[in-house]
Amino acid sequence: MTKAISQIMFEQANLRIEGPHRRWLVARHPVGPITEADFHYVEDIVPVPPPGKYLARIVWLGIDPKQRLLMNATPRNVELVPLFSPLFSYGVGEVMLSNHPKFQPGDIVWDIFGWQSHALMDGTGHYVNNPFGTRKVKPEYGPISTALGVLGNGGLTAYFSVLRELNPKAGETMLVSSAAGNVGSIAGQIGKIFGCRVIGLTSTDEKCRAVIEDFGYDDCINYKTAPDLAAAIRKAAPKGIDVYYDNVGGPIAEAAASVLNPGGRVTIVGIVGNYNAVTNGKAWTWPAHQVKSQFIYHDYHAEFDDGLAQLAAWIKDGRIRYREDVIDGFEKAPAALIGLLNGGNIGKRIVRVAPNPDGIA
Ligand SMILES: NC(=O)c1ccc[n+]([C@@H]2O[C@H](COP(=O)([O-])OP(=O)(O)OC[C@H]3O[C@@H](n4cnc5c(N)ncnc54)[C@H](OP(=O)(O)O)[C@@H]3O)[C@@H](O)[C@H]2O)c1
């Protein structure tokens with residue numbers, strides 16, 4: 001049987017290419033909570049990079065609430081993922097073949113690769129989702145998977161939103177929703193570094209324990225079991241809330257608003273509580289006069305290197321702790337996203353697609 005050209009090229013290059021090319025495609029625009037039937041699995045041969053592109057073997061994929069938003073037919077402020085395309089996803093991979101002058105086989109790279117086992121990339125940015133293009137991961141900062149969490153969009157979001165938008169001051173009280181998650185777990189710890197009393201909100205007692213014991217929050221409220229959430233926040237914050245870090249929107253944000261001190265600051269980092277509901281182009285928003293900012297971490301991409309260096313230094317000196325919630329196997333990506341939207345994660349949820357390159361943590 002005649003061999004595919006790609007197979008011949010791989011054999012000639014004597015590279016360890018593990019096929020096939022596996023992809024999870026968005027099969028339809030879901031309404032309401034997603035199910036595995038909203039995705040379609042396909043296998044093909046691993047492609048060869050044409051001039052100007054490199055081929056990455058994906059090692060880790062990040063699971064992000066925004067992925068749900070991008071599946072909607074009418075997303076807000078973001079571009080839709082076309083039907084029968086891999087779902088938008090940050091990933092960490094290893095360059096296997098390169099026809100691109102800036103990338104060499106063996107480079108560890110971070111980009112939006114999509115839900116697939118291999119990706120052909122040109123390294124350039126995308127004006128909506130990824131203005132910075134492919135970035136090389138620095139394994140000296142920590143395990144390469146952290147480029148999807150504490151040393152990726154989660155850590156950078158927490159870092160720039162807290163430092164540049166909220167400016168917490170020593171002695172202030174900071175409230176963080178989705179406090180056990182990727183962004184929330186880091187945001188609260190940065191608030192602590194700046195001397196705040198930090199209170200978390202999350203959905204289970206187990207997650208509350210992690211918020212206090214692992215992430216060093218002063219207090220945590222289980223918003224699902226609190227009979228009156230505003231009263232529970234007021235009890236935990238007798239002097240009121242000075243800074244509210246909003247990851248979720250909806251009724252939780254309304255309860256937080258009722259306890260916000262005059263002049264209190266809010267940053268809307270996300271409204272994950274609404275992502276299943278946003279089908280008409282509209283979403284819950286804070287009243288304009290109460291909002292200091294609606295945050296997009298891409299706005300700070302020129303300063304990512306500085307942010308990552310500071311986060312890595314805080315991890316090294318023990319002031320920032322992080323957790324990863326590893327789901328093993330590319331085939332489990334849809335279940336991993338469904339579970340995240342149901343609150344199943346503590347820390348950053350990531351999918352292991354393939355083993356790390358030899359000798360790389
Ligand atoms: N603006 C930016 O640049 C930027 C960048 C990255 C992320 N984000 C946003 O930041 C937020 C957190 O993202 P992440 O990656 O750190 O995710 P995450 O917090 O690790 O995971 C999502 C969490 O959302 C919570 N959740 C789900 N449905 C909810 C609901 N109906 N009401 C309240 N909470 C709900 C669950 O936590 P509980 O168990 O606590 O309910 C779940 O564990 C998201 O809104 C995301 O879109 C924004």
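Which residue in S10 does Thr 202 stand opposite? Keep that in mind; the reply comes in point 4.

1. First, a word on what you're looking at: this is a predicted model. The chain holds nine helices and 15 strands. Of its 361 residues, 45% count as buried.

2. On how the chain comes together: take the contacts with a separation of 6 or more, and 67% of them are between residues 24 or more positions apart.

3. A good place to start is strand S9, residues 197–202. Five of the six residues in S9 are buried, so this strand is largely enclosed by the rest of the structure. For one neighbour, look at strand S8 (residues 173–176), which runs parallel to S9 and is joined to it by four bridges. If you want a pair to click on, Leu 175 has Ile 199 in S9 as its bridge partner. To get from S8 to S9 the chain passes through H4, and that β-α-β crossover is right-handed.

4. S9 also pairs with strand S10 (residues 219–222), again in the parallel sense and over four bridges. Here's the reply to the opening question: Thr 202 stands opposite Asn 222 in S10. Helix H5 (residues 205–213) belongs to this part too, as S9, H5 and S10 make a right-handed β-α-β unit.

5. Now over to strand S14 (residues 324–328) and strand S15 (residues 348–352). These two run parallel, with five bridges joining them. Asp 328 is a handy marker, standing opposite Arg 352 in S15. The chain goes from S14 through H9 to S15, in a β-α-β crossover that is right-handed.

6. Then there's the ligand. Of the 30 residues around it, the ones that come nearest are Gly 181, Ser 203, Gly 270, Gly 273 and Gly 343. Helix H3 (153–166), helix H4 (182–193) and helix H9 (333–341) are the elements that give two or more residues to the shell. You've met two of these helices already: H4 on the way from S8 to S9, and H9 on the way from S14 to S15.

7. What sort of residues make up that shell? They divide into 13 nonpolar, 14 polar and three charged.

8. Last, where does the ligand sit relative to the domains? Domain 1 (5–149 + 322–352) and domain 2 (153–316) both give residues to the shell around the ligand, so the ligand lies between them. When you turn the model, try finding the ligand before anything else, then trace the helices H3, H4 and H9 that contribute to its shell.

Technical notes:
Residues numbered from 1 in each chain as written. Predicted model: local features only at pLDDT ≥ 70, side-chain atom pairs only at ≥ 80, totals over all residues. Near = placed C-beta within 6 Å. Nonpolar A, V, L, I, M, F, W, Y, C, P; charged D, E, K, R; others polar. Domains from an automatic or database assignment. Buried ≥ 20, exposed ≤ 12 C-beta atoms within 10 Å, placed from the backbone. Contact = placed C-beta atoms within 7 Å. Pairing = 2+ DSSP bridges. Right-handed = clockwise from strand over helix to strand, strands pointing away.
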